[in-house]
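This report covers aromatic contacts, charges over rings and one sheet with its neighbouring helix. The sequence and structure are shown below.

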Amino acid sequence: MASSIASSFQTSNLRTAFLGERNGLCVSSVPVTRVGFARKTIECKESRIGKQPIAVPSNVTVMLEGQDIKVKGPLGELSLVYPREVKVERDDSGILKVSKAVETRRANQMHGLFRTLTDNMVVGVSKGFDKKLQMVGVGYRGTLEGNDLVLNLGFSHPVRMTIPDGLKVKVEENTRITVSGYDKSAVGQFAASIRKWRPPEPYKGKGVKYIDEVIRRKEGKAGKKK
């Protein structure tokens with residue numbers, strides 16, 4: 001009888017401590033320690049390229065409207081939309097400065113990128129960009145027919161490429177091609193499209209290469225010794 005009463009009392013205490021009574025509060029005698037998580041602050045260093053000012057020539061007009069920028073010069077007009085992480089401002093002397101609007105890792109990445117894009121726009125509409133290519137190979141030659149660039153690169157048919165608007169192409173001595181324009185990305189893209197038709201091979205160097213490109217040459221297979 002005594003053992004059953006003791007067992008009932010222990011069961012009641014356990015139920016009170018862990019499950020709780022229906023009309024009461026569960027009270028635990030075990031101390032609870034609060035677990036915390038340390039937050040590591042990410043330090044975003046200022047971009048060395050992004051903090052450099054952009055000088056605007058006298059023959060270039062810059063229009064700022066919110067996150068939009070338009071640059072107009074003697075060679076053409078370009079525009080760019082800034083993301084919300086960065087902003088562009090112009091001081092009293094006319095110099096453009098690109099800065100971060102927020103302190104985040106993405107803003108640090110966008111800072112240097114959009115400063116470079118803005119500088120390319122200013123330089124492009126005032127001076128322009130060009131890419132020079134060289135064709136190496138027997139019978140490789142290029143000609144201009146209207147608004148098309150025609151390339152003979154050893155295929156069964158000539159390659160005909162339409163010159164995009166805003167670009168100029170000049171062919172010298174049938175083997176040297178110069179692509180010029182005020183949009184740097186468009187100039188580089190069209191020059192890469194020309195090179196893509198016949199990339200230079202590493203054994204004899206035949207193909208279409210940039211004028212300043214260095215091709216790593218490979219040694220061909222040696223014949224059998226007699």
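## Aromatic pairs

In this predicted model, a search of the whole structure finds 2 aromatic pairs. One of them joins Y82 and F114, whose ring centres are 5.4 Å apart. Their planes meet at 35°, so this pair is classed as tilted; the tilted class lies between the cut-offs of 30 and 60 degrees.

The Y82–F114 pair connects distant parts of the chain, with the two positions 32 residues apart in numbering. Y82 is in the loop between strand 3 (77–81) and strand 4 (86–90), while F114 belongs to helix 2 (residues 105–126). Both residues, Y82 and F114, are buried.

## The F155–W197 pair

F155 and W197 also form an aromatic pair, and its geometry is edge-to-face. The centre-to-centre distance is 6.4 Å, and the angle between the planes is 70°. Distant parts of the chain are again linked: F155 sits in the loop between strand 8 (148–152) and strand 9 (159–162), and W197 in helix 3 (residues 184–197), 42 residues apart.

F155 has a relative accessible area of 35% and W197 one of 41%. Buried means under 20% and exposed over 50%, so F155 counts as partly exposed, and so does W197.

## Charges over rings

The ring of F155 has a further neighbour in R198, which lies over its face at 4.4 Å from the ring centre. F155 therefore takes part both in the edge-to-face pair with W197 and in this arrangement with R198, and its relative accessible area of 35% makes it partly exposed.

A lysine is placed in a similar way elsewhere: K131 lies over the face of Y210, at 5.0 Å from the ring centre.

## The sheet of strands 7, 8 and 9

Strands 7, 8 and 9 make up an open sheet of 3 strands, in the order 7-8-9 and with antiparallel pairing. Strand 7 (141–145) and strand 9 are the edge strands, each pairing on one side only. On average, neighbouring strands of this sheet are turned by 25° against each other, direction ignored.

Strand 7 and strand 8 run antiparallel and are joined by 5 bridges. Among the bridge partners is D148 in strand 8, which pairs with E145.

## Helix 3 against the sheet

Helix 3 lies across strand 8 and strand 9. Relative to strand 9, helix 3 runs at about 170°. W197, the partner of F155, is in this helix, and F155 is in the loop between strand 8 and strand 9.

Methods: Residues numbered from 1 in each chain as written. Predicted model: local features only at pLDDT ≥ 70, side-chain atom pairs only at ≥ 80, totals over all residues. Heavy atoms only, no water. Phe/Tyr/Trp six-rings, centres within 6.5 Å; stacked < 30°, edge-to-face > 60°. Helix = DSSP H or I, 4+ residues; strand = E, 2+ residues; numbered from the N terminus. Buried < 20%, exposed > 50% of the residue type's maximum accessible area, 1.4 Å probe, protein only. Lys NZ or Arg CZ within 6 Å of the ring centre and 35° of its normal. Pairing = 2+ DSSP bridges. Axes fitted to C-alpha atoms, helices over the stretch in contact; angles between N-to-C directions. Contact = heavy atoms within 4.5 Å.
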